[in-house]
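This report goes through one protein model, starting with its cysteines and then moving to the sheet, the helices and the core.

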Amino acid sequence: MSDPVEEVKAKPSAGVTAAQVAAYLKRNPDFLARHPELLDAQVSPKRHKGDGVVDLQQFMMERLKTDVAKLRADQDEIIANSRDNLNTTERIHNAVIALLEAESFEQFIEIVTGDLAFLLEVDVVCLCLELTDVTSRRPKHDGIQFLDRGAVDRLIGKNRKVWLRDEVEGDPEIYGGAADLVRSDAVLRLAISKVAPAGLIAFGTRHPGYFHAGQGTELMNFLGRIIEFGIRSWLDLPKP
């Protein structure tokens with residue numbers, strides 16, 4: 001059935017009477033539901049008692065209730081995201097303080113590969129370094145993984161500094177025996193020094209969606225830079 005709005009567009013000179021509009025609305029009771037924007041320009045009728053009276057005011061009130069409910073839902077989501085951001089900021093700050101308070105290089109590495117998992121509320125943290133002439137496949141600390149040369153670019157991408165993955169199967173190359181735990185992770189490239197091997201640090205959790213591409217990466221980048229600085233300072237290495 002033709003729409004009177006479209007008919008007017010097609011025949012601009014044709015007049016549409018109130019009776020024609022009323023007749024069309026009777027034949028198409030869902031017209032206003034399909035074109036709710038038309039209600040914004042209408043004047044609400046006064047309420048009358050009796051049968052056969054169409055209460056557009058009630059229709060508009062229901063629409064307003066729906067809009068208010070949506071606004072409240074959006075507001076709740078914004079508040080929840082703000083709280084999550086504050087919690088994340090606090091966790092990162094606590095992690096940085098712990099790293100800065102390390103009294104030796106060994107303690108610094110133990111904090112990176114052990115304490116950070118607790119401080120950041122993840123299941124596993126792994127520090128990965130590429131093999132060079134001076135590195136060994138026999139790590140002195142749990143949580144350190146050695147990678148083949150060129151593995152960092154292959155795993156994270158040549159131009160990527162931070163990679164957040166919402167649903168993933170843990171990679172044994174990164175997480176070793178803890179790979180089965182990981183269902184979501186954040187992987188950061190580490191540029192420690194021009195004389196140090198390429199590296200990355202990975203934070204894995206068993207909860208899918210814990211990390212996701214829509215999250216900001218500024219805080220994770222900040223934590224990565226602190227780890228780079230700490231390793232470089234303890235080993236007295238030059239900058240990248």
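Cys-128 counts as buried because its relative accessibility is 0%. This value, like the others here, comes from a predicted model. Cys-126 also counts as buried, since its relative accessibility is 3%.

Are these two cysteines bonded to each other? The question of which cysteines form a disulfide can be settled by distance. A disulfide is a covalent bond between the sulfur atoms of two cysteines. The cut-off used here is a pair of cysteine sulfur atoms within 2.5 Å. By this rule the protein has zero disulfides. For Cys-126, the nearest cysteine sulfur belongs to Cys-128 and is 5.8 Å away. The table sets out the values for both residues.

| Residue | Relative accessibility | Nearest cysteine sulfur | Distance |
|---|---|---|---|
| Cys-126 | 3% | Cys-128 | 5.8 Å |
| Cys-128 | 0% | Cys-126 | 5.8 Å |

**Overall layout**

The protein has eight helices and five strands. Read from the N terminus, the order of elements is α-α-α-α-α-β-β-α-β-α-β-β-α. Of its 240 residues, 32% are buried. Among contacts with a separation of 6 or more, 57% are between residues 24 or more positions apart.

**The sheet**

The five strands form an open sheet in the order E2-E1-E5-E4-E3, and their pairing is mixed. Which strands lie at the edges? They are E2 and E3, each of which pairs on one side only. From one strand to the next, the twist averages 20 degrees. E3 and E4 run antiparallel and are joined by four bridges. In this pair of strands, Trp-163 has Val-187 of E4 as its bridge partner.

**Helices on the sheet**

Helix H5 lies across E1, E2 and E5, and runs at about 150 degrees to E1. Helix H8 also packs on the sheet, where it touches E3, E4 and E5. The direction of H8 makes about 45 degrees with that of E4.

How far apart are the end C-alpha atoms of H8? They are 24 Å apart, and this agrees with the expected span, because 17 residues at 1.5 Å a residue should also cover 24 Å. Several residues of H8 are buried, including Met-220, Leu-223, Ile-226, Ile-227 and Ile-231. Glu-228 and Arg-232 are buried as well. After H8 comes Asp-236, which has a positive phi near 55 degrees.

**The nonpolar cores**

The largest nonpolar core contains 35 residues. Leu-99, Leu-116, Leu-120, Ile-201, Phe-203, Leu-223 and Ile-227 have the most contacts inside this core. At least two residues each come from helices H4 (56-100), H5 (105-119) and H8 (218-234), and from strands E1 (124-130), E2 (144-147), E3 (162-165), E4 (184-190) and E5 (199-205). Which element gives the most to this core? It is H5, with six residues.

Ile-201 can serve as an example from this core. Setting aside its neighbours within four places in sequence, Ile-201 is in contact with Val-112, Val-125, Cys-126, Ala-186, Val-187, Leu-188, Leu-190 and Ile-227. Apart from the largest core lies another one, of 16 residues. Its members include Val-124, Cys-126, Leu-200 and Ala-202. Cys-126 is thus a member of this other core and a contact of Ile-201.

Methods:
Residues are numbered from 1 along each chain as its sequence is written. This is a predicted model: local features need pLDDT of at least 70, side-chain atom pairs count only at pLDDT 80 or more; totals for chains, interfaces and linings use all residues. Side-chain values use heavy atoms; hydrogens and water are left out. A nonpolar core is a set of buried Ala, Val, Leu, Ile, Met, Phe, Trp, Tyr and Cys residues joined through side-chain atoms within 4.5 Å. Buried means under 20% relative accessible area, exposed over 50%, partly exposed in between (1.4 Å probe, protein chains only). Contact means heavy atoms within 4.5 Å. The expected span of a helix is 1.5 Å times one less than its number of residues. Two strands pair if DSSP finds at least two bridges between them. Axes are lines fitted to C-alpha atoms, for helices over the stretch in contact, and angles run from 0 to 180 degrees between N-to-C directions.
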